[in-house]
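The following exercises concern the geometry of helix packing, sheet topology and charge pairing. Each task is followed by a solution in steps.

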Amino acid sequence: MSHGPLRHRAAYVAFDRFPSSKGSAVHIAQMADELFTRFGGGLLAAIGGGDLPRYQREGTREVARFDASIPNLIDRAEAFSGWVAAHLRPHWETLEVCHVRDPWSALPAVADGRRHTVVYEVNGLPSIEMSHTWPWAAPATLGKIRELERFCLERSDAVVVPSRVIGEAVRGLGVPEGRIHLVPNGADVGDRPERPAGAPERYLVYVGALQPWQGLDVLMRAFARLADLPGLRLVVCASVPERRAKPVRRLAERLGVAGRVDWRFALPHHEVAAWLAHAEVSVAPLTGCARNLDQGCAPLKVIESMAAGVPVVASDLPAVRELMADGRHGRLVPADRPAELARAVRILLEYPEEAAAMGRRGRAHIEESLTWARSRARLAEVYRTLTRGR
């Protein structure tokens with residue numbers, strides 16, 4: 001049976017691979033579903049590649065994926081922008097809301113002559129983030145990206161941020177307070193999953209990507225200080241392919257801890273939840289770099305760990321303090337301090353009853369304040385406000 005062309009009222013655009021095992025994909029799935037539920041379907045335009053199909057359609061929802069193989073990131077981003085413009089064009093007369101996650105998605109959405117409103121969701125600022133991901137990026141290139149961010153933010157009707165720290169960074173780029181809306185990340189609190197097959201009896205867990213700002217080097221050095229604890233292992237559930245782990249694995253070998261570290265790569269989200277649920281402690285050793293301090297972050301790993309009922313030991317950064325309280329849901333320690341991180345973990349392991357109580361309080365905190373249902377309700381209110389009277 002053939003389907004006629006759809007003319008959408010809503011579009012969600014992201015310069016991110018979707019789906020994937022990264023936290024960003026969890027976030028995109030929730031936000032796009034809220035948008036499409038409200039507007040009776042929509043177009044999701046994202047990055048593809050690998051075995052992901054270029055096009056999918058399910059009822060009134062379409063997914064289009066950009067899969068051009070362009071090695072240079074900036075060239076790829078600019079090509080993606082042109083591709084997005086072409087995919088939005090058929091819906092230009094019917095679009096009411098276009099929700100974007102980055103400047104390259106935003107640029108075609110904020111073009112002159114539009115009738116739709118634009119919601120720009122800022123989870124990070126590439127002008128700051130790229131200086132950490134690609135330290136060889138030319139200052140002039142980063143300056144151009146900063147100008148592109150400013151241009152798109154100025155022309156957006158609403159800016160959604162997952163943390164107050166990111167909200168401050170956006171305000172610093174000239175966005176008026178009244179246009180910024182806080183929509184935190186969330187988690188679903190459900191039944192405890194079964195213990196993963198082959199899970200060690202006692203283990204710490206790290207969940208997420210392996211960029212330098214995540215602090216895996218700090219974690220490995222801290223774990224080396226816990227070598228006297230018999231049977232304790234570290235499970236790293238990396239959201240990236242195995243090849244990306246080479247630098248961290250080399251460090252683990254130099255520190256003499258490689259034999260006590262178990263690696264899991266690009267696991268489905270439900271499997272990560274099981275590893276979290278049965279850990280002694282979940283660790284989020286974010287570094288105190290400009291990416292985490294000036295731009296801010298909204299670490300989904302902290303929220304999902306608390307939702308799993310596991311005590312968290314995390315870096316004491318403003319963005320983390322928005323999510324958890326020291327001594328109540330786990331421990332906050334100075335960033336970039338392996339000895340402090342190891343000490344906090346050791347104390348939780350020595351006092352398992354208090355650690356379990358922290359886990360229970362963390363889970364209750366998520367249930368009361370940080371579920372995806374609450375986040376989606378906030379986002380729905382942003383859409384309602386923007387489209388009222390249209």
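**Exercise 1.** Determine how helices α13 and α14 are oriented towards each other in this predicted model, and which residues form their contact.

*Solution.* Step 1: the axes of α13 and α14 (residues 352-369) lie 5 Å apart and make an angle of about 105°. Step 2: angles of 65 to 115 degrees count as roughly perpendicular, and α13 and α14 are therefore roughly perpendicular to each other. Step 3: from α13, Leu 348, Leu 349 and Glu 350 take part, meeting Pro 352, Ala 355 and Met 358 of α14. Step 4: sorted by class, this contact of α13 with α14 holds five nonpolar residues, one charged residue and no polar ones.

**Exercise 2.** Carry out the corresponding analysis for helices α7 and α8, including the handedness of their crossing.

*Solution.* Step 1: α7 (residues 216-224) packs against α8 (residues 246-255) at about 20°, and their axes are 10 Å apart. Step 2: the cut-off for roughly parallel is an angle under 35 degrees; α7 and α8 are therefore roughly parallel to each other. Step 3: their crossing is right-handed. Step 4: on the α7 side the contact comprises Leu 216, Asp 217, Met 220, Arg 221 and Ala 224, while α8 supplies Val 248, Leu 251, Ala 252 and Leu 255. Step 5: seven residues of the contact of α7 with α8 are nonpolar, two are charged and none is polar.

**Exercise 3.** Derive the strand order of the open six-stranded sheet, and identify the helix α13 contacts with it.

*Solution.* Step 1: the order reads β11-β10-β9-β12-β13-β14, with parallel pairing. Step 2: β11 (261-265) and β14 (330-333) are the edge strands, each pairing on one side only. Step 3: on average, neighbouring strands of this sheet are turned by 20° against each other, direction ignored. Step 4: β9 (residues 202-208) and β10 (residues 232-238) run parallel and are joined by seven bridges; Gly 208 has Ala 238 in β10 as its bridge partner. Step 5: α13 (residues 338-350) packs on the sheet and touches β9, β10, β12 (281-284), β13 (312-315) and β14, its direction making about 165° with that of β14.

**Exercise 4.** State how many salt bridges are counted, and explain which parts the pair Arg 101 and Asp 16 ties together.

*Solution.* Step 1: the count comes to 26 salt bridges. Step 2: one of them joins the side chains of Arg 101 and Asp 16, with an N to O distance of 3.2 Å. Step 3: Arg 101 is in the loop between β5 (97-100) and α3 (103-109), and Asp 16 is in strand β1 (residues 10-17), so the pair ties together parts 85 residues apart in sequence.

Notes. Residues are numbered from 1 along each chain as its sequence is written. This is a predicted model: local features need pLDDT of at least 70, side-chain atom pairs count only at pLDDT 80 or more; totals for chains, interfaces and linings use all residues. Side-chain values use heavy atoms; hydrogens and water are left out. Two strands pair if DSSP finds at least two bridges between them. Helices (H or I, at least four residues) and strands (E, at least two) are DSSP runs, numbered from the N terminus. Axes are lines fitted to C-alpha atoms, for helices over the stretch in contact, and angles run from 0 to 180 degrees between N-to-C directions. Contact means heavy atoms within 4.5 Å. Angles under 35 degrees count as roughly parallel, over 145 as roughly antiparallel, 65 to 115 as roughly perpendicular and the rest as oblique. A crossing is left-handed if the near helix is turned anticlockwise from the far one by less than a right angle, and right-handed if clockwise. Ala, Val, Leu, Ile, Met, Phe, Trp, Tyr, Cys and Pro count as nonpolar, Asp, Glu, Lys and Arg as charged, and the others, Gly among them, as polar. A salt bridge is a side-chain nitrogen of Lys or Arg within 4 Å of a carboxyl oxygen of Asp or Glu.
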